[in-house]
Amino acid sequence: SPMFLQVICNGFAISNGEMQEVGVGLYPSMSLLNHSCDPNCVIVFEGPSLFLRAVRDIQQGEELTICYLDVLMPSAERQKQLKEQYCFDCDCPGCETRSKDDDMLSGEEQAWKEVQDSLKKVEDLRAQEKWEQILAICQTLINNYGDRLPDRNIYQLKMLDCAMDACINLCLWEDALLYGSRTLEPYRLYYSGFHPISGVQVMRVGKLQHHQGLYPQALETLKQAFELMKVTHGRDHSLVEDLLLLLGDCEANLRAG
């Protein structure tokens, strides 16, 4: 129906504090923003409230842009999704030069294609919260292809992320930190500049370090998260307030120790 198509084209995925999708909403004025794979603005949520935040200096008269999709896709996949869902071809510099595709698809092709196929099963299991099965699949693939796929390969990166989530849900804190730490450099590569997903990921790793009493490491990691999130989320966002509390606790523990 026309209404359904309007939601598909103009709806926003509402996310919680850790950038996990929890619903869909229509925000008419924000729907006027055009797409870029390297946007000058990002969208974050505080409950159902949507906030548009600039992530770099914007010149007078410059168009405000956001990214309509997850950037962890090669150029061809991004173009395909934008064409199918939004009916346009993206001509941003990233798509024209395909500058990050070599990194995204690095490693042995047969290996990353097998990991890519397995991710579909993992996502189905995530919807059912079958964390033990998810972790078993992730660990097998990560161990089997560790010497054939670098962590910057986007399918390997997504597998590391899934393994981290599974370990957190299973209270396997040391393993969660191991997998999470391996995601940070690839995240910096693909979510270049200021991006809410990157800041949240750094914060998650810092929280794991804090939970395990690794206060010097946690302090540095959480400071990095703050530098990102004060731009992407703003100092008044509840997640940034939580981050500041963690920073304060780290500092107090270091003084006491």
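Of the 257 residues in the protein chain, 42% are buried. The model is a predicted one. Its secondary structure comprises 11 helices and 6 strands. Contacts in the chain between residues at least 6 apart in sequence were also examined for their span, and 60% of these join residues at least 24 apart. Three parts of the chain are described below: a strand hairpin, a residue of helix α2, and a pair of helices.

Strand β4 covers residues 41-46, and 5 of its 6 residues are buried, so the strand is largely enclosed by the rest of the structure. Its pairing partner is strand β5, residues 49-54. The two strands run antiparallel and are joined by 6 bridges. Within this pairing, C41 stands opposite A54 of β5, and I43 has L52 of β5 as its bridge partner. The connection between β4 and β5 is a hairpin with 2 residues between the strands. G47 lies in the turn and adopts a positive phi of about 65°. In a regular strand, side chains alternate between the two faces of the sheet.

Helix α2 spans residues 75-86 and includes Q79. The relative accessibility of Q79 is 18%; because the limit for a buried residue is under 20%, Q79 counts as buried. When neighbours within four places in sequence are left aside, the residues in contact with Q79 are D89, C90 and C95.

Further along the chain, helix α8 (residues 173-190) packs against helix α9 (residues 196-211), with residues of the two helices in contact. The helix axes come within 9 Å and cross at roughly 150°. An angle over 145 degrees counts as roughly antiparallel, and α8 and α9 are therefore roughly antiparallel to each other. The crossing of the two helices is left-handed.

On the α8 side, the contact is made by W173, A176, L177, G180, S181, T183, L184 and Y187. These residues meet I197, S198, Q201, V202, V205, L208, Q209 and H211 of α9. By residue class, the contact of α8 with α9 consists of 9 nonpolar and 7 polar residues, with no charged residue taking part. Among the nonpolar residues are W173 and L177 of α8, together with V202 and V205 of α9. The polar residues include S181 and T183 of α8, as well as Q201 and Q209 of α9.

Technical notes:
Residues are numbered from 1 along each chain as its sequence is written. This is a predicted model: local features need pLDDT of at least 70, side-chain atom pairs count only at pLDDT 80 or more; totals for chains, interfaces and linings use all residues. Side-chain values use heavy atoms; hydrogens and water are left out. Axes are lines fitted to C-alpha atoms, for helices over the stretch in contact, and angles run from 0 to 180 degrees between N-to-C directions. Helices (H or I, at least four residues) and strands (E, at least two) are DSSP runs, numbered from the N terminus. Angles under 35 degrees count as roughly parallel, over 145 as roughly antiparallel, 65 to 115 as roughly perpendicular and the rest as oblique. A crossing is left-handed if the near helix is turned anticlockwise from the far one by less than a right angle, and right-handed if clockwise. Contact means heavy atoms within 4.5 Å. Buried means under 20% relative accessible area, exposed over 50%, partly exposed in between (1.4 Å probe, protein chains only). Two strands pair if DSSP finds at least two bridges between them.
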